[in-house]
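Here is a walk through one protein chain, from a few of its loops and strands out to the whole. Keep the sequence and the coordinates side by side as you read.

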Amino acid sequence: MGTLKDSTTGACITLGTRCLFGRHRACDVCVDEPRVSGEHASLHWVGDRWELRDLGSRNGTFLEGRRLSPGERVALVRGATFSLAGPSAAFVLEDADPPGAAARCKASGELRAASGGILVLPDEDRPLVSVFEDSAGEWVLETGDEVRPVTDGEVIHVGGDAFELVLPRSETETWQSESGGLVLESIHLRLSVSADEERVRATVVLRGQETTLPLRTYHYLLVTLARAWLGGSDKPAAQRGWVDRDVLCRMLATDANKLNVDIHRARKQFAALGVLNAAGIVERRPGTGELRIGVRSVEVTRM
């Protein structure tokens with residue numbers, strides 16, 4: 001996703017879909033310079049580019065040394081340098097990629113960005129809440145038994161902190177057309193289990209090409225869910241493969257917190273492989289505490 005570099009401090013700033021610069025502490029990037037206006041300039045993702053706008057500042061916004069007119073909007077390219085009220089507050093657009101999902105902590109102002117299309121809060125070590133796009137391209141929030149839609153700008157409370165969500169417009173249709181079909185619905189998952197059930201080799205098959213994933217302990221979670229799916233072939237698809245969370249924890253000799261961490265790690269591994277809707281590798285049934293594997297073409301074999 002898009003990033004800026006503060007030329008003065010060297011700090012890297014992750015960009016949400018919109019970023020407000022100024023001296024006021026409520027700004028996304030607070031600049032403690034007396035010549036900088038309270039709300040000085042803004043940076044927005046507009047369609048396919050980053051766009052800088054001066055907000056009528058007293059001492060001006062400069063792009064590559066040229067002062068923008070009040071209210072003027074200009075497109076930025078990678079490497080572009082702009083400054084607020086002079087060279088002492090300068091920024092470089094180091095990454096001009098589109099924004100991903102993010103959340104801004106209301107207390108600290110820190111922007112926490114998604115990784116692999118999945119935003120976890122309050123942090124990677126405590127994935128109490130996950131925010132991601134579902135298969136229909138809608139942003140959803142998942143926590144415990146709850147799965148519900150969320151919107152850009154919505155404030156949620158996690159771990160004692162309030163976070164404002166920064167969610168870009170859904171790009172699911174574009175992704176699917178450009179990705180060559182690298183979505184869960186198009187892959188086959190082979191899970192090979194050792195005789196002692198201690199090791200699992202996970203292999204993703206797409207159009208005859210196989211990619212074997214690094215061995216991870218949480219792959220046994222996928223094996224357990226895959227067996228439930230395969231064992232329910234006599235049921236309608238909507239009812240097939242669901243496992244109660246508490247039962248699943250007993251089967252895996254784990255607890256709910258560790259289960260959430262394993263689910264998050266499995267999702268991240270598939271996201272790193274380039275599977276766009278990787279969060280769906282493990283599905284939750286809203287309000288029931290039930291989970292199931294999200295791949296419909298799956299097999300469990302012996303090593």
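Start in the loop between β10 (81-84) and β11 (90-95), where Ala-85 lies. The model is predicted. Phi of Ala-85 is near 60°, a positive value in a residue other than glycine. Is Ala-85 buried or exposed? Its relative accessibility is 6%, so Ala-85 counts as buried, the limit being under 20%.

Another loop holds a second residue with positive phi. Arg-207 lies between β21 (200-206) and β22 (209-212). Its phi is about 55°, and Arg-207 is not a glycine. Here the relative accessible area is 65%. The cut-off for exposed is over 50%, so Arg-207 is exposed.

Backbone geometry also stands out at a proline. Which form does the peptide bond from Leu-121 to Pro-122 take? That bond is cis, with omega near 5°. Pro-122 lies in a strand, β14, which covers residues 119-123.

Now turn to the loop between α1 (172-178) and β20 (188-193). Val-183 is found there. With a relative accessible area of 10%, Val-183 falls under the 20% limit and is therefore buried. From Val-183 to Ala-75 the sequence separation is 108 residues. In space, their C-alpha atoms are 32 Å apart.

Next, look at strand β6, residues 49-54, which contains Leu-52. The relative accessibility of Leu-52 is 0%, so this residue counts as buried. What does Leu-52 touch, beyond residues up to four places away in sequence? On the lower-numbered side are Ala-41, Ser-42 and Leu-43. The list continues with Thr-61, Leu-68, Glu-72, Arg-73, Val-74, Leu-76 and Phe-82. Gly-232 makes a useful second landmark. Leu-52 and Gly-232 are 180 residues apart in sequence, and their C-alpha atoms are 54 Å apart.

A charged residue comes next. Arg-267 is found in helix α4, residues 256-272. Is this arginine buried or exposed? At 2% relative accessibility, Arg-267 counts as buried, because the limit is under 20%. A polar atom of its side chain lies 2.9 Å from the backbone oxygen of Val-282. Val-282 is also among the contacts of Arg-267, once neighbours within four places in sequence are left aside. The others are Ile-118, Ser-130, Phe-132, Glu-142, Ala-278, Ala-279 and Ile-281.

Helix α2 offers a check on geometry. It has twelve residues, 219-230. At 1.5 Å a residue they should span 16 Å, and the end C-alpha atoms are 16 Å apart, so the two values agree. Which residues of α2 are buried? They are His-219, Leu-221, Leu-222, Val-223, Thr-224, Leu-225, Ala-226 and Trp-229.

Finally, step back to the whole chain. It has four helices and 26 strands. The C-alpha trace spans about 70 × 40 × 30 Å along its principal axes. Of the 303 residues, 46% count as buried. Take the contacts between residues at least 6 apart in sequence: 49% of them join residues at least 24 apart. The accessible surface comes to about 14,800 Å², and carbon and sulfur atoms account for 47% of it. The chain carries 37 positive and 43 negative charges. How far apart are their mean positions? The distance is 1 Å.

Notes: Residues are numbered from 1 along each chain as its sequence is written. This is a predicted model: local features need pLDDT of at least 70, side-chain atom pairs count only at pLDDT 80 or more; totals for chains, interfaces and linings use all residues. Side-chain values use heavy atoms; hydrogens and water are left out. Helices (H or I, at least four residues) and strands (E, at least two) are DSSP runs, numbered from the N terminus. Buried means under 20% relative accessible area, exposed over 50%, partly exposed in between (1.4 Å probe, protein chains only). Contact means heavy atoms within 4.5 Å. Accessible areas come from the Shrake-Rupley method with a 1.4 Å probe; for residues, only the protein chains shown count as cover. Lys and Arg count as positive and Asp and Glu as negative; His and the chain ends are not counted. The place of a charge is taken as NZ of Lys, CZ of Arg, CG of Asp or CD of Glu. The expected span of a helix is 1.5 Å times one less than its number of residues. A polar contact is a pair of N or O atoms within 3.5 Å; within protein, one must be able to donate a hydrogen and the other to accept it, and residues adjacent in sequence count only if both atoms are side-chain atoms.
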